Amino acid sequence: MKHRSTVAAAIALGAALALSGCSTESEQPALKVSGAFMPQPVDDMAAGFLIVQNSGGSADKLTSVTSPISDDVTIHETKSQTMREVKSFDVPADGELDLERGGNHIMFMKLKQKPKQGEKVSVELHFEKSDPIAVELPVKEPTYNPKKHEH
Ligand code: CU
C-alpha cells in the first residue's frame, strides 16, 4: 500500500512538471473563457464574472487575477450569502468553472478608476498549469445578470 501511494505521488509530480513539451495533448488542460462581464461599480469596488471552459483531459486551477484598474484583485466564493477569499478555483477536466452572480466571483478593491457601462476592463487570469489568459470584461449595468449560459 505504501509503495502504491509513493508511485501515485511520483506520477502526480511528473504530471505537474510537464508544463510544456512532450506530454500528449489530451493530458493538458485546454481552457477557453466566455461570458465575461463586470457590473458597473457603484463604489470603489467591483466584481467580475466569467466562465472558464476546459476541454482538455486534465484539470487546472485559477490561482490569481490581475488587472490595471486595481492592485487588490482576489477571487471569492460565496457560501450562505457570505463571501470569502479563496486561494484557487478548480477548473475540472472536461468541465468548467462558473463565476456568476450570487456565487464565485473576481473581486476588485480600491479601484484606481471607476469603469462605466460600455467600457471594457482588462484582466489577466493566471492558472496553475495553463498560460495566463487575457480577458476583456465588458462593463454592464449594475444589475446585469445573464441567464445561465448555453453551450
Ligand atoms: Cu467578493
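## A first walk through the model

Going from the N terminus, the protein's elements come in the order α-β-β-β-β-β-β-β-β-β-β. In total that is one helix and ten strands, where helices (H or I, at least four residues) and strands (E, at least two) are DSSP runs, numbered from the N terminus. What you see is a predicted model, so local features need pLDDT of at least 70 and side-chain atom pairs count only at pLDDT 80 or more, while totals for chains, interfaces and linings use all residues. Residues are numbered from 1 along each chain as its sequence is written, and side-chain values use heavy atoms, with hydrogens and water left out.

Of the 151 residues in the protein, 33% are buried. Here buried means under 20% relative accessible area, exposed means over 50%, and partly exposed is in between (1.4 Å probe, protein chains only).

### The copper site

Which residues hold the copper ion? H76 (ND1), M83 (SD), H105 (NE2) and M107 (SD) coordinate it, at 2.0 to 2.2 Å. Donors are N, O and S atoms within 2.8 Å of the metal (3.2 Å for Na, K and Ca), and since water is not among the atoms, sites may look incomplete. Along the chain, the copper donors are spaced as H-x6-M-x21-H-x1-M.

The arrangement is tetrahedral because the four donor atoms subtend angles of 98 to 120° around the copper ion. Four donors get that label if all angles lie between 85 and 135 degrees; four count as square planar and six as octahedral if opposite donors are over 155 degrees apart and all others between 65 and 115, and anything else is irregular. For reference, the ideal angle at a metal with four tetrahedral donors is 109.5 degrees.

Two of these donors can be placed by accessibility. H76 has a relative accessible area of 9%, so it is buried. M83 comes out at 41%, which means it counts as partly exposed.

### The largest pocket

Now for the open space. The largest pocket holds about 340 Å³. On a 1 Å grid over the protein atoms alone, a pocket is an open set of points with protein on both sides within 12 Å along at least five of seven lines, whereas a cavity is a set of points where a 1.4 Å probe fits but cannot get out; lining residues have an atom within 4 Å of a point. Grid points are joined across faces, edges and corners, and the volume is the space filled by probe spheres set on the points.

Which residues lie nearest the centre of this pocket? Among its 17 lining residues, those are P39, A47, F49, R101 and M107. Two elements, β2 and β8 (105-109), give two or more residues to the lining. The largest share, three residues, comes from β2. M107 also turns up at the copper ion, as a donor through SD.

By class, the lining has ten nonpolar, five polar and two charged residues. In this scheme Ala, Val, Leu, Ile, Met, Phe, Trp, Tyr, Cys and Pro are nonpolar, Asp, Glu, Lys and Arg are charged, and the others, Gly among them, are polar.

Strand β2 (residues 46-54) also contains Q53. With 19% relative accessibility, Q53 counts as buried. The C-alpha atoms of Q53 and L31 are 5.5 Å apart, although 22 residues separate the two along the chain.

### Salt bridges

Side chains of opposite charge can pair when their charged atoms come close. The structure holds five salt bridges, each a side-chain nitrogen of Lys or Arg within 4 Å of a carboxyl oxygen of Asp or Glu. Here are some of them:

| Pair | Closest N to O distance |
|---|---|
| D71 and K112 | 3.0 Å |
| K110 and D72 | 3.7 Å |
| R84 and E77 | 2.9 Å |

D71 sits in the loop between β3 (60-66) and β4 (72-79) and K112 in the loop between β8 and β9 (120-127), so their salt bridge ties together parts 41 residues apart in sequence. Both D71 and K112 are exposed.

The K110 and D72 pair also links distant parts of the chain, 38 residues apart, with K110 in the loop between β8 and β9 and D72 in strand β4. K110 is exposed at 59% relative accessibility, while D72 is partly exposed at 26%.

E77, K79 and R84 form a network of salt bridges. Is E77 buried or exposed? At 12% relative accessibility, E77 counts as buried.

### Two positive phi angles

K110 has a positive phi of about 45° although it is not a glycine. S80, likewise not a glycine, has a positive phi near 50°. S80 is found in the loop between β4 and β5 (82-86), and at 71% relative accessibility S80 counts as exposed.
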